[in-house]
Amino acid sequence: MEQSDIIKAITTHPTIIIHRHIHPDFDAIGSQIALKKTLQQSFPEKKVFAMGSSEKSLEWIGSMDMIEDDQYRDALVIVCDTAETKRISDQRCLMGKTLVKIDHHSDGESYGDLRWIDPSYSSVCEMLGDLFFSNPETFKLTNEAASALYAGIMGDTGMLKNGMAGERTLRIVSQIKKFAFKPDRIHRLMKKSGTDFSKWKPFVSYRAQVTEQGIASLRVTKEMLVNLRLDSSEAAPLIHALTAYIPARIWVLFIEEDGKIRVRIRSKTIAVNEIAKNYGGGGHRLAAGALLSSWEEAEEMIEGLGEKRMR
C-alpha cells in the first residue's frame, strides 16, 4: 500500500491506538513510542495511546497507557512490527474501527484493513523514519520520538553491524541524529536492557554445531526451554549470541515449540531468504525465518544452506 493511505487514515480518525507484539524488543517498543509521540506533536487535538503489556527493561524508551474498551469504538488501530494477530499484545486491537499493519517481515498473516509491509527496511523504526522525513508538512518529530526511532533501528541492525543496514538506513539515522538526544546513553541502556549476550556465551559455545561448509546451528528443544526458564519468543535473541560468539558463514537458530520448529537464519554476505522460502518462510536477504515440521527438515535446511554457500 502507499504511504498516503496511512496518512489519510491518521488524519481522519480522532483516536489512534498503537499496538505491537508480545515480548517486545527495541524495534517494537521504539516504533510504538516514536509513532505515539510524533502523532501527539503533529495532531494535538487527537487522542493517541500506546498499548500492550509493560516491559520494565524497556521503559526508558517509553511507557504504555491504560484505556477502557470504549476508546476503541471509532479508533484507528496501528499494529507495529507484528507478523501475526495472535502475537499482538492486547487483543483489543481487533475492536477498533480501522486496523493498520506496519511490518518489515514478509512472512506472516495478512491481517488488517490497510497494510504496509516492506522487507527492504531493516526495521519498522526505519519505515516510520522514512514516512516522517518524507512528509515533513504532516509529521513533526520530537526529540523523544527521534530517540525511540534510533533505539529501534540500532536494535534490529545490531548497532548497524549485522548486515541489515543499507544506504537508506544510514541516511535516516543521520537525519535522526540531528535531534537533541544522546546516542551514547541509548547504547548504554540497550546493553543494560539485553543486548549484552555474554551470559549466553557458555551455552552457545557448548551447544552450537558448525559444519565443514561454515553453517553454525543451535538447536533449542522444549526441554531446554524449560530448563532455561524461557518461552520460545524469549529464546529468539539467542541468534544474536550465536552470531557474536561462533565464527561461521551462516548462523541458524532452531527453537522447538508446539510441535513445530521455528527457525531464524542470519548471514553477513550470503542470501538466505530463498532457502527460507523453500520451507514456507521468508524475510530479508541476510536475515530470514521459517517454520519447520520436524528435526529432519532442520537437517535438510542445514544441508541446503551448505550447498548454497559452496556455489
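**Entry 1: strand β3**

I began with the side chains of β3 in this predicted model. Leu76, Ile78 and Cys80 point one way from the strand, Val77 and Val79 point the other way, and all are buried. I then counted over the whole strand, residues 76–80: five of the five residues are buried, so β3 is largely enclosed by the rest of the structure.

Next I looked up the partners of β3. Strand β1, residues 15–19, pairs with β3 in the parallel sense, and I noted four bridges. Within that pairing, Val79 is the bridge partner of His19. Strand β4, residues 98–103, also pairs with β3 in the parallel sense, here over five bridges. In β4, Val100 stands opposite Ile78.

**Entry 2: Ile78 and the nonpolar cores**

Which residues does Ile78 touch, leaving aside its neighbours within four places in sequence? I found contacts with Ile10, Ile16, Ile17, Ile18, His19, Leu35, Val100 and Ile102. Val100, the residue opposite Ile78 in β4, is thus listed among the contacts of Ile78 as well.

I then turned to the largest nonpolar core, which has 47 residues. Ile10, Ile78 and Ile102 are the residues with the most contacts inside this core. Helix α4, residues 143–156, gives the largest share of the core, namely eight residues. I also recorded a second, separate core of 20 residues, which includes Leu218, Met224, Leu238 and Ile255.

**Entry 3: two loop residues**

I chose Lys97, whose place is in the loop between β3 and β4. Is Lys97 buried or exposed? Lys97 has a relative accessible area of 56%, and the cut-off for exposed is over 50%, so I entered Lys97 as exposed. Leaving aside neighbours within four places in sequence, I found Lys97 in contact with His13, Tyr72, Arg73, Asp74, Ala75 and Asp113. I also looked up the separation of Lys97 from Thr15: the two residues are 82 residues apart along the chain, and their C-alpha atoms are separated by 9.9 Å.

For Thr138 I noted a place in the loop between α3 and α4. Thr138 has a relative accessible area of 15%, and buried means under 20%, so Thr138 is entered as buried. With neighbours within four places in sequence left aside, the contacts of Thr138 are Ile7, Ser42 and Phe43.

**Entry 4: helices α3 and α5**

Two packed helices are described by the angle between their axes and the distance between the axes. I therefore looked up both values for α3, residues 124–134, and α5, residues 167–176: the angle is about 65° and the axes are 10 Å apart. The crossing in which α3 passes α5 is left-handed.

Which residues meet at this contact? From α3 I listed Glu126, Gly129, Asp130 and Phe133, and from α5 Arg168, Thr169, Arg171, Ile172, Gln175 and Ile176. Sorted by class, the contact has three nonpolar, three polar and four charged residues.

**Entry 5: the open sheet**

I followed six strands that form an open sheet with mixed pairing, in the order β6-β7-β8-β9-β11-β10. Why is one side of β6 and of β10 left without a neighbour in the sheet? Strands β6 (209–210) and β10 (282–283) stand at the edges and have a single partner strand each, so one side of each remains without a neighbour there.

I then examined β10 and its partner β11, residues 287–292. These two strands run antiparallel and are joined by two bridges. Gly282 stands opposite Gly289, and Gly283 stands opposite Ala288. A hairpin through three residues joins β10 to β11.

Strand β11 also pairs with β9 in the antiparallel sense, and I counted six bridges. In that pairing, Ile261 stands opposite Leu292 of β11. Five of the six residues of β11 are buried, so this strand is largely enclosed by the rest of the structure.

Last, I looked up which helix lies across this sheet's strands β7, β8 and β9. Helix α10, residues 238–245, lies across β7 (215–220), β8 (250–257) and β9 (260–267), and runs at about 150° to β8.

Notes
Residues are numbered from 1 along each chain as its sequence is written. This is a predicted model: local features need pLDDT of at least 70, side-chain atom pairs count only at pLDDT 80 or more; totals for chains, interfaces and linings use all residues. Side-chain values use heavy atoms; hydrogens and water are left out. Two strands pair if DSSP finds at least two bridges between them. Contact means heavy atoms within 4.5 Å. Axes are lines fitted to C-alpha atoms, for helices over the stretch in contact, and angles run from 0 to 180 degrees between N-to-C directions. A nonpolar core is a set of buried Ala, Val, Leu, Ile, Met, Phe, Trp, Tyr and Cys residues joined through side-chain atoms within 4.5 Å. Buried means under 20% relative accessible area, exposed over 50%, partly exposed in between (1.4 Å probe, protein chains only). A crossing is left-handed if the near helix is turned anticlockwise from the far one by less than a right angle, and right-handed if clockwise. Ala, Val, Leu, Ile, Met, Phe, Trp, Tyr, Cys and Pro count as nonpolar, Asp, Glu, Lys and Arg as charged, and the others, Gly among them, as polar.
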